[in-house]
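This report looks at how neighbouring strands and the helices between them are arranged. The sequence and the structure follow.

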Amino acid sequence: MGAQLRIYRSKIRSAQTTKKITRAMELISASRIAKALARVNEAGPYTEELSKAAALVAVHSNVKHALTTEPAKITRAAIVLFTSDRGLAGAFNSQVIRSALQLETLLEEQGKTVEWFLVGRKAVGFFAFRRRAYLGSWIGETDEPQFELAQQIGQKIIETFFTHEADGGVNEVHLVFNQFVSSITQTPTVRRLLPLEIEGKVEDPSIPAPPVLRAEYEFEPNAATVLDALLPAYIESRVFYALLQSAASKHAATQKAMKSASDNADKLITNYTRLANNARQAEITQQISEIVGGADALAS
């Protein structure tokens, strides 16, 4: 009984130590969520307005630009997968990887060859373990992403997009990342980045409007030059917004996972304390029985 009691007490100490660690990580993630959401809210209006501007130029310029024109046939597509550098976040990484693989299957069924860009150590580890190839990877900056990282990813995407298919280029790009919905819910999101998909409400030039409401656009020096300058900024802002959404989602997932771990540690401590008390009581009962038995033997 004494050995069993020591085992239970050792497990209680281990559970208490684990609870201290998970509780501290929960509090750290909770403090980081507020900062991450603030960055998302700050970047959101800029990204939205830039998207509207790019859409307006694409609609009203009537210029066939490589980043806005849908190819006659898409044979090669790229997926930019956003994960985290660290684990302990529940299903955060597994669900976004699963969504990316489902997108890969869908694109391959359409006859497209899929290439990969990986953001986050978990995605790189997933592909390295399975010995799968990828065109580029970025690690080490997913917790607090900076705009420089988005610029590097955007430049690589544009470079690959303008490369001929025979030389390894692609003519379609998709982003796959976790979107922050709430502290409880983070939803894997798939969004096509290139060619440009017009989002938001844009005037339809085929529908006549009253002269007083019709807007006329002039582009200086010309529409093609404006698109050349505007669309790379649009791509970088979209990538940066996906990085911020992924970072906020990761902190929320970590907080939820650590809260669950702390609750489980509490349950373990309660269960092992009950078992330890039972073992201690059984040991005391056995000792009393031995003493009574020895006294009876001496009396007889």
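In this predicted model, strand 1 (residues 76–82), helix 2 (residues 92–109) and strand 2 together make a right-handed β-α-β unit. Strand 2 also begins a further right-handed β-α-β unit, which is made with helix 3 (residues 121–129) and strand 3.

The pairing of the strands can be set out by partner, with one pair of opposite residues given for each.

| Strand paired with strand 2 | Sense and bridges | Residues standing opposite |
|---|---|---|
| Strand 1 (residues 76–82) | parallel, seven bridges | A77 and V114 in strand 2 |
| Strand 3 (residues 136–138) | parallel, three bridges | L118 and S137 in strand 3 |

Strand 2 thus has a parallel partner in strand 1, joined over seven bridges, and another parallel partner in strand 3, joined by three bridges.

Is strand 2 largely enclosed or open to the outside? Of the seven residues of strand 2 (residues 113–119), six are buried, and therefore the strand is largely enclosed by the rest of the structure. As background, the side chains of a regular strand alternate between the two faces of the sheet.

Within helix 2, one residue can be followed in more detail, namely S99. The relative accessibility of S99 is 16%, and because the cut-off for a buried residue is under 20%, S99 counts as buried. When residues up to four places away in sequence are not counted, S99 touches V176 and P188, so that the description of this helix residue includes both its accessibility and its contacts.

Definitions and conventions
Residues are numbered from 1 along each chain as its sequence is written. This is a predicted model: local features need pLDDT of at least 70, side-chain atom pairs count only at pLDDT 80 or more; totals for chains, interfaces and linings use all residues. Side-chain values use heavy atoms; hydrogens and water are left out. Buried means under 20% relative accessible area, exposed over 50%, partly exposed in between (1.4 Å probe, protein chains only). Helices (H or I, at least four residues) and strands (E, at least two) are DSSP runs, numbered from the N terminus. Two strands pair if DSSP finds at least two bridges between them. A crossover is right-handed if, with the strands pointing away from the viewer, the path from the first strand over the helix to the second runs clockwise. Contact means heavy atoms within 4.5 Å.
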